[in-house]
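Student: Before we accept the descriptive words attached to a model, could we go through the values and cut-offs behind them?

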Number of protein chains: 2
Amino acid sequence: MNKPNAQQQQKKKVRTAITPTRDEDFPIWYQNVIKAADMAENSPVRGSMVIKPYGFALWENVQRALDDMIKDADVQNAYFPLLIPLEFISREAEHVEGFAKECAVVTHHRLEQNADGKLVPAEGAKLEDPYVIRPTSETIIGDSMSKWINSYRDLPLKLNQWCNVMRWEMRTRLFLRTAEFLWQEGHNAFGSAEEAHEDAMKMLGIYERLYREYLAMPGIAGEKTADERFPGANNTYTYESMMQDGKALQACTSHDLGQNFAKSSDIQFQNQNGEMQYAYTTSWGLSTRSIGGLIMTHADDDGMVMPPKVAPYHAVILPIIRDDATKGKILEACEKLKEQMRSIGLRVQIDASDRRTPDKMWDSIKKGVPLRIEIGAREVDDGTLTHVRRDLGRESKTTCATAEFMGNVQAILDDIQAQLYSKAEAFQDNRINAVSSIEQVGEFYKEGGVGFVSLDSAHLGSEALDKIMKKYSLTPRCLPFEDEGKTVIIAKSY
Amino acid sequence: MNKPNAQQQQKKKVRTAITPTRDEDFPIWYQNVIKAADMAENSPVRGSMVIKPYGFALWENVQRALDDMIKDADVQNAYFPLLIPLEFISREAEHVEGFAKECAVVTHHRLEQNADGKLVPAEGAKLEDPYVIRPTSETIIGDSMSKWINSYRDLPLKLNQWCNVMRWEMRTRLFLRTAEFLWQEGHNAFGSAEEAHEDAMKMLGIYERLYREYLAMPGIAGEKTADERFPGANNTYTYESMMQDGKALQACTSHDLGQNFAKSSDIQFQNQNGEMQYAYTTSWGLSTRSIGGLIMTHADDDGMVMPPKVAPYHAVILPIIRDDATKGKILEACEKLKEQMRSIGLRVQIDASDRRTPDKMWDSIKKGVPLRIEIGAREVDDGTLTHVRRDLGRESKTTCATAEFMGNVQAILDDIQAQLYSKAEAFQDNRINAVSSIEQVGEFYKEGGVGFVSLDSAHLGSEALDKIMKKYSLTPRCLPFEDEGKTVIIAKSY
């Protein structure tokens, strides 16, 4: 009989709030983290999810941060129709190839009851021209731009919309790949190729800032290879972030569309010389997929870990009540602390439910609330409180004077934010493997390598590389800007 | 030959920015105000509109104000699927009658190119169970509630979503009635009939506050008559606002659904006695229709008039440049003022385009910007500025020291907000006609009466009244709360 060795025994003893753990089964762990944090769930509509309040509050914070940056870039929000005429989709040939395939198609505008009393599409209400639900809005926004842009004076025109889109995905995963998802899509038009190029880079820079500063997600900014570009784009820029299983997540994209969509949508303007010419457009989008990335970057075997800047709540206060005599004063102290914290702009909740304290504690851990604060009778008498960081766990448990805590709390939250980023960055940096031959790409993944490989981009297009990539389900993720196109990052991806 | 009399001559001389005027053709005036203010336009999708940046900025301000109030009422935002299975719609019989008729139906999930190369729904991708695009979400949210609610501890459950919905309208008008529109829909569940009733009233109260305090729109809060209720509701509460043509706009609704939807969606919970019982639900919504109401309440024959609290910009600064020598210092003064105003939380734009000053001036008038500020060389030298209120026009033109203006500007904006409300309230109060018989209802409208009539509600249900209402296209708008159900307001409506 084999006896478990010391390390295995050690491992066995660690009980985690989430089972299986990341190491045991990453995809199931991911689902269970979402469930335990009460963020989202599958819906009765095939491939569509319900975003629950706690998950939606996170998305709202991401939205707010990004929307402010978009407005600072002089982009204006607007709203365009959900439905797109088929004829519009047909206009851009490459776009058709890339998007037309799997769309929700609206063919009728009325229901009626059939002989069995069942509701069915009414025969008499069949649309002569069906519509698709937008998979993206380049074509319909292009149609408006063609009317709004007449002269160089109308440029640049910079538009953004926050909306839902649909792509009929067959294999879906909460947040990462759903038939319906939420996003923002920006659509800008310029008078020159240079401005469009600069804009596509600028908007990618905004995403990069959102990811690094708010979601605490490191990543590699770069250019997509030709095969991986958005259908109809001259160039696609991306931010590829490494998840804890070593796979890449394309966290956002920004496209330089050149004159391709301007030509198919007839977006022309009179330039300063009085000549008519086509505009140059860009488009750029970030979706609820970012939430999936956030989870796979920061969550651990005890559940979600929220970066403070986008956390639904910065802190949860747990009243530790042992008898009725002290209940009143404990709740009062909790309320007072909540108000104090809110007054300095922090998002705080008191968990005053009648559940057991350990259940409340584990709930805040699984939800990934950055700070847990406990106040019992003794703390009230002493004018103190006890606080624990989610990222560091029980070893960070500290009891201190309330006034001292109030003086430090913002710094603590800033430190959590910074530590989460550093930890994820170290994880990523340690798993980017520079290799010097195509063979080494194969060897790395054959041996169960976790992470990205970085290879001389001159190998792109070679049959040998394509074969290896196919064998191990790899794709070229991007040509990192920092290597000026000389290298390509290759990885498994979401 | 008849000579025009003095008054007619006077009238002829007044040139308005919008033609026709309100008196000449209210519906065309309405369209032209929207066009002149660049707020929205029809799209190539039948019945759907494009909300342009200036109109969308207004909607965002309405959203922000309402969202804050909704969150203060402890309601949590979430997101539910766009598509609804037909089977869900079938569950609530009255609801089917009221909503199933005109919906966008999704029947296929893929497109393909036919023999002519045209994109068509793919035959092989027909959905076994079609979906409708949500006309409202009671049924799909009810499905989630049935899973999330198990015990009285799970109640109340208060949810809201901001989203797009579709109702296949045949006759559409920008903002007022479009196939696709934007709204928020709240869906709350409680353990008792009393709580649900109170909640429906409370949420209507929040809408009323939004309308009175932010949109400066007076109205009559009350209960809908049985025939005018939401399909499946026990009671519908409404806020009916009078437009400048005397018609009523149903500005929002709040429904007490009793146990009707809980029964059809199986929302049951174990109560404190351990027994299973159905929950009591409410739903409440406010849409982009509110923007149509805002326009028809405040706009005049020169265009839009924005209440400061929701105006996209509080003020526009026009640099009055007569020569290149003073251009620099004028623009610098404008920039400085903009920054000063922004630093106290005001939304300000400089119109530095190369258009003629009168064009810029008229643009700000047609857009309804509350304050127009003019700064020329003389103002810069004197440390002054000139400002004009949109609501009072050129008679309010004032030149004063910049420091004095900065000390007064918030008070000026508050006064504009208050004056707009008072003016609309006087308009409405003067046009609510108490009548004492059914005949008088007919007489009022026969003589071209503009406004609402108020009648003893005991007449409701009488054939004579129905006949009169049919003849003049009238409907009972509500039983005002302030009359405790004793009177009914009757009017033409949008």
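Tutor: What follows takes a few labels for this predicted model and sets each value against its definition.

Student: Why is H3(A) called oblique to H7(A)?

Tutor: Helix H3 (residues 53–72) of chain A and helix H7 (residues 193–214) of chain A pack at an angle of about 140°, and their axes are 10 Å apart. Angles over 145 degrees count as roughly antiparallel and those from 65 to 115 as roughly perpendicular, while an angle outside the named ranges is oblique; an angle of about 140° therefore makes H3(A) oblique to H7(A). As to handedness, the crossing in which H3(A) passes H7(A) is right-handed.

Student: Which residues meet where H3(A) and H7(A) touch, and what makes up that contact by class?

Tutor: From H3(A) come Val62(A), Ala65(A), Leu66(A) and Met69(A), and they meet Ile206(A), Arg209(A), Leu210(A) and Tyr214(A) of H7(A). By class, the contact has seven nonpolar residues, no polar ones and one charged residue. Arg counts as charged, so the charged residue in this contact is Arg209(A).

Student: Why is Gly345(B) called exposed?

Tutor: Gly345(B) has 8 other C-beta atoms within 10 Å, and a residue is exposed if that number is 12 or fewer, so Gly345(B) is exposed. Its place is in the loop between helix H10 (324–343) and strand S18 (348–350) of chain B. The C-alpha atom of Gly345(B) is separated by 9.8 Å from that of Gln410(B), which is 65 residues away along the chain.

Student: How do you know that Asn430(A) counts as exposed?

Tutor: The argument runs along similar lines: Asn430(A) has 11 C-beta neighbours inside 10 Å, and with the limit for exposed residues set at 12 or fewer, Asn430(A) counts as exposed. Asn430(A) sits in the loop between helix H13 (402–429) and strand S22 (432–434) of chain A. Between the C-alpha atoms of Asn430(A) and Phe452(A), 22 residues apart along the chain, the separation is 9.8 Å.

Student: What makes up the contact between domain 1 and domain 2 of chain A?

Tutor: Chain A is divided into domain 1 (33–83 + 136–298), domain 2 (315–428) and domain 3 (432–491), and the C-alpha centres of domain 1 and domain 2 of chain A lie 36 Å apart. Their contact takes eleven residues from domain 1 and ten residues from domain 2. On the side of domain 1 that touches domain 2, helix H2 (26–37) and helix H9 (289–298) of chain A each supply at least two residues, and by class that side has seven nonpolar, three polar and one charged residues.

Definitions and conventions. Residues numbered from 1 in each chain as written. Chains lettered and ligands numbered in written order. Predicted model: local features only at pLDDT ≥ 70, side-chain atom pairs only at ≥ 80, totals over all residues. Axes fitted to C-alpha atoms, helices over the stretch in contact; angles between N-to-C directions. Helix = DSSP H or I, 4+ residues; strand = E, 2+ residues; numbered from the N terminus. Parallel < 35°, antiparallel > 145°, perpendicular 65-115°, else oblique. Left-handed = near helix turned anticlockwise from the far one by under 90°. Contact = placed C-beta atoms within 7 Å. Buried ≥ 20, exposed ≤ 12 C-beta atoms within 10 Å, placed from the backbone. Domains from an automatic or database assignment.
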